[in-house]
Amino acid sequence: MFSMAAVQMFIWIETAGSTSLREVQFATVHKLAGLTFKGCTSLMRIKILSGVKSIGESCFNGCTSLTDISFHNSVTQFGKDVFKGCTLLSYIKIPSSVSVL
């Protein structure tokens with residue numbers, strides 16, 4: 001059995017800077033660590049379902065193909081520069097549950 005920290009590290013190692021990852025959907029992870037998807041230039045869609053509470057600093061920084069992202073109301077905080085460099089992302093609906101930006 002992996003700890004949450006180990007799972008987050010595995011996700012980061014396997015995804016950061018990926019040029020082939022296109023779509024992501026989360027439900028059972030409670031926190032997306034900072035830099036997790038930084039530089040994933042082919043990532044186009046992200047769906048964050050219930051359970052995810054926190055999205056870390058620069059999590060999606062440099063995801064230049066990202067056009068569609070949706071969040072569940074379980075998200076309560078976003079880190080700094082989460083969407084920096086997401087040049088195709090034209091609209092983000094922040095859930096009313098978010099208290100830290």
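User: How much surface does the protein chain expose, and what share do carbon and sulfur atoms supply?
Analyst: The protein chain exposes about 5900 Å². Carbon and sulfur atoms supply 57% of that. Keep in mind that this is a predicted model.

User: And what percentage of the residues count as buried?
Analyst: 37% of the 101 residues in the protein chain.

User: What's the secondary structure?
Analyst: One helix and six strands. Starting at the N terminus, the order is α-β-β-β-β-β-β.

User: What about contacts between residues far apart in sequence?
Analyst: Take the contacts between residues at least 6 apart in sequence. Of those, 21% join residues at least 24 apart.

User: Switching to aromatics. How many aromatic pairs are there?
Analyst: Five. One of them is phenylalanine 60 with phenylalanine 83. Their ring centres are 5.8 Å apart and the planes sit at 10 degrees, so this pair is stacked.

User: Where do phenylalanine 60 and phenylalanine 83 lie?
Analyst: Phenylalanine 60 is in the loop between strand S4 (54-55) and strand S5 (68-71). Phenylalanine 83 is in the segment after strand S6 (77-78). The pair therefore ties together parts that are 23 residues apart in sequence.

User: Are those two buried or exposed?
Analyst: Phenylalanine 60 and phenylalanine 83 are both buried.

User: What kind of pair do phenylalanine 71 and phenylalanine 78 form?
Analyst: An edge-to-face one. The distance is 5.0 Å centre to centre, with 85 degrees between the planes.

User: Buried or exposed, those two?
Analyst: Phenylalanine 71 has 14% relative accessibility, so it counts as buried. Phenylalanine 78 is at 5%, so it is buried as well. The cut-off for buried is under 20%.

User: Which residues do the ring pairs link into a cluster?
Analyst: Phe37, Phe60, Phe71, Phe78 and Phe83.

User: Cysteines next. How many disulfides?
Analyst: The count is zero.

User: Why no bond for cysteine 59?
Analyst: Its closest cysteine sulfur is in cysteine 63, 7.9 Å away. That is too far for a bond, because a disulfide needs the two sulfur atoms within 2.5 Å.

User: And how far is the sulfur of cysteine 86 from the closest cysteine sulfur?
Analyst: 5.1 Å, and the partner is again in cysteine 63. That is also too far for a bond.

User: Cysteine 59 and cysteine 86: buried or exposed?
Analyst: Cysteine 59 is buried, with a relative accessible area of 0%. Cysteine 86 is buried too, at 9%.

User: Now the outside. Which residues form a nonpolar patch on the surface?
Analyst: Ile92, Ile94 and Leu101. Together they have about 280 Å² of accessible area.

User: Where is isoleucine 94 found?
Analyst: In the segment after S6. Its relative accessibility is 35%, so it counts as partly exposed.

User: Last one. Where does serine 42 lie?
Analyst: In the loop between strand S2 (31-32) and strand S3 (45-48). With 11% relative accessibility, serine 42 counts as buried.

User: What is serine 42 in contact with, leaving aside neighbours within four places in sequence?
Analyst: Ser18, Thr19, Ser20, Leu21, Arg22 and Ser65.

Conventions
Residues are numbered from 1 along each chain as its sequence is written. This is a predicted model: local features need pLDDT of at least 70, side-chain atom pairs count only at pLDDT 80 or more; totals for chains, interfaces and linings use all residues. Side-chain values use heavy atoms; hydrogens and water are left out. Rings of Phe, Tyr and Trp (its six-membered ring) pair if their centres lie within 6.5 Å; planes under 30 degrees apart count as stacked, over 60 as edge-to-face and the rest as tilted. Helices (H or I, at least four residues) and strands (E, at least two) are DSSP runs, numbered from the N terminus. Buried means under 20% relative accessible area, exposed over 50%, partly exposed in between (1.4 Å probe, protein chains only). Patches are made of residues with over 30% relative accessible area and no salt bridge: like charges are joined within 9 Å, nonpolar side chains (Val, Leu, Ile, Met, Phe, Trp, Tyr) within 5 Å. Accessible areas come from the Shrake-Rupley method with a 1.4 Å probe; for residues, only the protein chains shown count as cover. A salt bridge is a side-chain nitrogen of Lys or Arg within 4 Å of a carboxyl oxygen of Asp or Glu. Contact means heavy atoms within 4.5 Å.
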